[in-house]
Amino acid sequence: MTTKEMIISSSGHETRVAILEDDQVAEIFIEREHQRGVVGNLYKGRVSKVLPGMQSAFVDLGLERDGFLYVSDVIATFEEFDRLETDEDDVPAGNGAVRGPGSADGRASGGGPGARNRRERDKGPEPKIEELLKEGQEIIVQVAKEPLGTKGARLTSHATMPGRFLVFMPTVDHVGVSRKIDSREERSRLRGIVREFREQNGFTGGVIIRTAAASRPKEDIVSDLSYFHKVWTEIRQKSETSRAPAVVYREQSLVAKLLRDLLTEEYSAIRIDNDQEYRRVYELIERIMPSLAPKVKLYNKEYPIFEEYGVQAEIDRALRSKVWLKSGGSIVINQTEALVAIDVNTGRYVGKKTAGRLEDTILKTNLEAVKEIVRQIRLRDLGGIIVLDFIDMEEKKNRQKVFQAVEQELRKDRSPSKALQVSDFGLVIITRKRVKQSLERVLTEPCPYCLGSAVIKSRSTICYEILSEVKKISADLNGQSLVLRVNPDIARALKDEERAAFKELKQSIGREIAVKPDGQRHPEQFDLMAVG
């Protein structure tokens with residue numbers, strides 16, 4: 001069984017959380033006060049543009065960029081639950097659902113082929129986006145995916161609000177139970193608690209009962225229901241009085257959200273370096289999972305908590321492209337706009353000293369790389385299309401072993417993912433759901449020197465560009481001399497390695513060129529001035 005720890009570093013401006021699995025950093029979460037994430041937030045938005053050709057619409061949320069809403073996220077897909085018998089176990093998976101300790105709670109448990117066919121027969125042609133939305137129309141939407149790069153937030157009109165024991169879905173009128181709760185009596189008891197509350201309080205909306213609710217007392221379930229009832233009432237009141245665009249509901253803080261969704265008996269400790277945050281966490285855990293309250297520890301050493309538990313070193317390594325393996329092999333990770341490419345190399349690993357086959361050395365390196373690749377994917381929060389380029393193996397059984405190892409390791413990942421073996425050359429493609437920005441995007445920004453390209457022109461290239469520019473303007477100088485302002489590195493290159501070419505240029509134009517180093521200039525920038 002995997003032993004987990006949660007390390008929380010909190011200040012007034014930033015909160016960082018690390019999840020350790022068997023003393024290795026597996027996941028990092030960072031939230032800054034002025035850059036809080038928007039996934040899970042509900043907005044009263046205004047439709048700014050309807051695109052019939054793409055069957056989607058842009059919605060103004062008051063953010064930097066408009067959100068993007070597909071027609072499939074507008075139509076009332078959850079109306080099919082109204083036609084289901086109340087004893088069926090369908091649990092819809094809304095776009096905003098959070099996968100946590102009862103991860104399967106967020107997955108749809110189909111009501112069998114008969115139910116599915118019946119729904120397909122009843123369902124007529126899907127309405128078009130232009131029939132559902134008009135420009136200027138005000139709608140309530142939830143952010144399902146953070147804005148990434150130049151893309152706006154992905155939206156849905158089917159809100160989901162996770163609690164510790166329940167998931168509330170205000171656009172649905174159905175009560176579902178996680179299939180992981182096997183006992184018929186327990187399922188019936190939990191449904192009864194929810195139905196009783198709905199009848200007594202006029203509570204509308206759908207509820208999914210999560211795995212964590214099994215064997216919990218009635219008070220815990222009612223506590224979640226009361227919270228949802230109160231919050232949804234406030235949201236409706238706020239949406240009626242606010243002018244679009246406006247936030248009508250904000251998701252909980254990072255720490256509260258992680259405790260709500262991740263906390264299980266597997267956690268051996270929750271360590272916090274801030275006294276105020278420690279008290280909040282202790283009170284929350286005492287309410288939702290009292291058995292874990294003694295495991296909440298206040299870290300009060302002067303040495304930073306992330307340094308103490310090796311988290312900062314892992315973050316620093318996660319910002320580098322090359323990761324060394326224990327055997328001496330390595331993996332190289334490159335993020336691009338379209339995909340993530342991960343290459344596996346034997347590096348310094350040459351196999352055992354005793355006689356052995358090259359194939360065995362390659363297989364051992366690939367299998368070791370699999371574990372580190374999946375750990376780095378989770379740690380860096382890489383998403384979209386991820387291409388793994390393993391070292392070529394001749395034997396099909398070995399390629400299959402590596403692919404099975406990839407699938408096995410991906411089961412540890414909470415984000416939905418799928419692996420596909422695409423060639424005999426060692427390529428494996430993973431698709432992984434991307435909800436928020438990767439660790440690199442959160443912690444870094446494009447280099448001002450290279451503008452994110454990772455390269456700049458060489459000194460020789462820039463020198464020859466300068467020489468070409470001088471030749472171009474030499475006919476218009478009218479006896480004037482030239483002053484050249486350049487970066488100090490380029491000035492040195494003109495006096496050293498490109499000295500001969502520079503001397504030849506001065507002779508060809510018959511004028512002196514004064515070189516003035518300027519430390520404020522980018523290497524690729526230069527100024528030519530005619531004087532005299």
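In this predicted model, Leu484 is found opposite Val515 of strand β23. The two strands concerned, β22 (residues 481–486) and β23, run parallel and are joined by 5 bridges. They belong to an open sheet of 3 strands with mixed pairing, in which the order is β23-β22-β24. The edges are taken by β23 and β24; each of them has a single partner strand, so one side of each remains without a neighbour in the sheet. On average, and ignoring direction, neighbouring strands here are turned by 20 degrees against each other. A helix also joins the picture: α12 (residues 459–473) packs on the sheet and touches β22, β23 and β24. The direction of α12 makes about 30 degrees with that of β24.

The loop that leads from β23 (513–517) to β24 (526–531) is a good place to pause, as His522 is located there. Is His522 buried or exposed? With a relative accessibility of 14%, His522 counts as buried, because the cut-off for a buried residue is under 20%. Leaving aside neighbours within four places in sequence, the contacts of His522 are Pro448, Tyr449, Ile456 and Asn487. With Tyr449 there is a polar approach as well: a polar atom of the His522 side chain lies 2.5 Å from the backbone oxygen of Tyr449.

Attention now turns to the nonpolar cores. The largest of them has 28 residues, and the members that touch the most others are Ile342, Ile373, Leu388 and Phe390. Two or more residues come from each of β17 (330–335), β18 (340–345), α9 (358–380), β19 (384–389), α10 (396–410) and β21 (427–432). Among these contributors, α9 gives the most, with 7 residues. The surroundings of Phe390 can be followed residue by residue: beyond its neighbours within four places in sequence, Phe390 is in contact with Val344, Asn366, Val370, Ile373, Val402, Val406, Phe425, Gly426 and Val428. Another core, of 25 residues, lies apart from this one and includes Ala159, Phe165, Ile181 and Leu190.

Strand β12 (residues 206–209) offers a further view of the interior. In a regular strand, side chains alternate between the two faces of the sheet. Both faces of β12 are covered, with Gly206 and Ile208 buried on one side and Val207 and Ile209 buried on the other. Strand β12 also pairs with two strands named here, β10 and β11. With β10 (residues 166–169) the pairing is antiparallel, over 4 bridges, and Leu166 has Ile209 as its bridge partner. With β11 (residues 175–177) the strands run parallel and share 3 bridges; here Gly176 is matched with Ile208.

Earlier in the chain, β5 (residues 56–60) and β6 (residues 67–70) run antiparallel and are joined by 4 bridges. One of the pairs across them brings together Phe58 and Phe68. The hairpin made by β5 and β6 has 6 residues between the strands, and Gly62 adopts a positive phi near 90 degrees in this hairpin.

Finally, some values describe the chain as a whole. Its secondary structure amounts to 14 helices and 24 strands. Of its 532 residues, 45% are buried. Among contacts with a separation of 6 or more, 69% are between residues 24 or more positions apart. The accessible surface is about 27,900 Å², and carbon and sulfur atoms account for 48% of that surface.

Methods
Residues numbered from 1 in each chain as written. Predicted model: local features only at pLDDT ≥ 70, side-chain atom pairs only at ≥ 80, totals over all residues. Heavy atoms only, no water. Pairing = 2+ DSSP bridges. Core = buried A, V, L, I, M, F, W, Y, C linked by side-chain atoms within 4.5 Å. Buried < 20%, exposed > 50% of the residue type's maximum accessible area, 1.4 Å probe, protein only. Contact = heavy atoms within 4.5 Å. Polar contact = N/O pair within 3.5 Å; in protein donor to acceptor, adjacent residues only side chain to side chain. Areas by Shrake-Rupley, 256 points an atom, 1.4 Å probe, with all protein chains shown as cover. Axes fitted to C-alpha atoms, helices over the stretch in contact; angles between N-to-C directions.
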